[in-house]
Amino acid sequence: MPFAQEQSKSSTVASEQLSKTETIKLRNKHIGQACQLFYRSDPLKIVRGQGQYMFDEEGTRYLDCINNVAHVGHCHPEVVRAGALQMATISTNNRFLHDELVQCAQTLTSKMPEPLSVCFFVNSGSEANDLALRLARNFTKRQDVITLDHAYHGHLHAVMEVFSYKFNPSGGEKKPDYCARGPLPGHLWRPVHG
Ligand SMILES: Cc1ncc(COP(=O)(O)O)c(C=O)c1O
């Protein structure tokens, strides 16, 4: 289980508008089935987060070991403040000149070794991997990719195609010719060979 569960009496619970049963009913009606719930037999209804914790509708606190978005913790006040300020100012295309964009790139690259001095800003890990494929293919003029067993690269079409655990023998998809599979070094999992 990726969550360590513990009760928190002191946590503030966000006001709940729907019962859990109503939320499940609406979800089944309006959210695509391909986006499967975690813990389907008894799904968690998460109503808020703080730091390393998430809280359900009854105030039960969970140590969040599953999200990879909140790198500095859920609802970090500085991130919330900066995000709210930017949204209240302008949220537009990176193809316009904007000081925050170039200054953010400058700050990030100042922490990197030479010659890493150029940034592409993206919205997600999937986009980053998709862009990485495009950059590599543009540079090498080749299409080939090596993917490791059990690798997950995101949900965009280009990265799903090189997503190794889709190529399993039990009804998985055919591995594209341009994609080679490699074993995960030192892994403890049972290998899936396709
Ligand atoms: C290794 C890895 N690559 C890519 C992704 C996709 O990132 P995102 O969900 O931000 O598109 C994830 C997300 O879990 C990931 O763990």
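Colleague: How much of the accessible surface of the protein belongs to carbon and sulfur atoms?
Modeller: This is a predicted model, and every value here is computed from it. The accessible surface of the protein comes to about 15,300 Å². The share of that surface belonging to carbon and sulfur atoms is 57%.

Colleague: What percentage of the residues of the protein count as buried?
Modeller: A residue counts as buried when its relative accessible area is under 20%. The protein has 194 residues. Of these, the buried share is 21%.

Colleague: In what pattern do helices and strands follow along the sequence?
Modeller: The protein has five helices and six strands. Read along the sequence, they give the pattern β-α-β-β-β-α-α-α-β-α-β.

Colleague: Among contacts between residues at least 6 apart in sequence, what percentage join residues at least 24 apart?
Modeller: A contact here needs heavy atoms within 4.5 Å. Among contacts between residues at least 6 apart in sequence, the share that joins residues at least 24 apart is 48%.

Colleague: How far apart are the end C-alpha atoms of helix α2?
Modeller: Helix α2 covers residues 77-89, which is 13 residues. At 1.5 Å a residue, the expected span is 18 Å. The end C-alpha atoms agree with that, because their separation in the model is also 18 Å.

Colleague: How many of the 13 residues of α2 are buried?
Modeller: Buried means under 20% relative accessible area. Helix α2 lies largely in the open, because the number of its residues that are buried is zero.

Colleague: How many disulfides does the structure hold?
Modeller: A disulfide is a covalent bond between the sulfur atoms of two cysteines. Cys-65 is exposed, at 53% relative accessible area, and Cys-75 is exposed as well, at 51%. To count as a disulfide, a pair of cysteine sulfur atoms must lie within 2.5 Å. The number of disulfides in the structure is zero.

Colleague: What is phi of Cys-75?
Modeller: Most residues other than glycine have a negative phi. Cys-75 sits in the loop between β4 and α2. Its phi is positive although the residue is not glycine, with a value near 55°.

Colleague: What is phi of Lys-141?
Modeller: Lys-141 is found in the loop between α4 and β5. Its relative accessibility is 66%, so Lys-141 counts as exposed. Lys-141 is not a glycine, yet its phi is positive, at about 60°.

Colleague: Which peptide bond is cis, with omega near 5°?
Modeller: Most peptide bonds are trans. The cis bond leads into Pro-115, a residue in the loop between α3 and α4. With omega near 5°, the bond runs from Glu-114 to Pro-115.

Colleague: Which residues make the nonpolar surface patch of about 350 Å²?
Modeller: Residues in a patch need over 30% relative accessible area. Met-112, in the loop between α3 (99-110) and α4 (125-140), counts as partly exposed because its relative accessibility is 44%. The patch of about 350 Å² is made by Leu-108, Met-112, Leu-116 and Phe-121.

Colleague: How far apart in space are Leu-63 and Gly-51, C-alpha to C-alpha?
Modeller: Leu-63 belongs to strand β4 (residues 60-64). It is partly exposed, with a relative accessible area of 31%. Leu-63 and Gly-51 are 12 residues apart in sequence, and their C-alpha separation in space is 9.4 Å.

Colleague: Which residue pairs with Lys-20 in a salt bridge?
Modeller: A search of the whole structure finds two salt bridges. One of them joins Lys-20 to Asp-42, at 3.4 Å from N to O. Lys-20 is in helix α1 and Asp-42 is in the loop between α1 (20-30) and β2 (46-50), so the pair ties together parts that are 22 residues apart in sequence. Lys-20 is partly exposed at 24%, and its exposed partner, at 52%, is Asp-42.

Colleague: Is Asp-149 buried or exposed?
Modeller: The side chain of Asp-149 meets that of Arg-181 in a salt bridge, at 2.6 Å from N to O. The pair links distant parts of the chain, 32 residues apart: Arg-181 is in strand β6 (residues 179-182), and Asp-149 is in the loop between β5 (145-148) and α5 (157-160). Arg-181 is partly exposed, at 22% relative accessibility. The relative accessible area of Asp-149 is 4%, so Asp-149 is buried.

How values were computed
Residues are numbered from 1 along each chain as its sequence is written. This is a predicted model: local features need pLDDT of at least 70, side-chain atom pairs count only at pLDDT 80 or more; totals for chains, interfaces and linings use all residues. Side-chain values use heavy atoms; hydrogens and water are left out. Patches are made of residues with over 30% relative accessible area and no salt bridge: like charges are joined within 9 Å, nonpolar side chains (Val, Leu, Ile, Met, Phe, Trp, Tyr) within 5 Å. Accessible areas come from the Shrake-Rupley method with a 1.4 Å probe; for residues, only the protein chains shown count as cover. A salt bridge is a side-chain nitrogen of Lys or Arg within 4 Å of a carboxyl oxygen of Asp or Glu. Helices (H or I, at least four residues) and strands (E, at least two) are DSSP runs, numbered from the N terminus. Buried means under 20% relative accessible area, exposed over 50%, partly exposed in between (1.4 Å probe, protein chains only). The expected span of a helix is 1.5 Å times one less than its number of residues.
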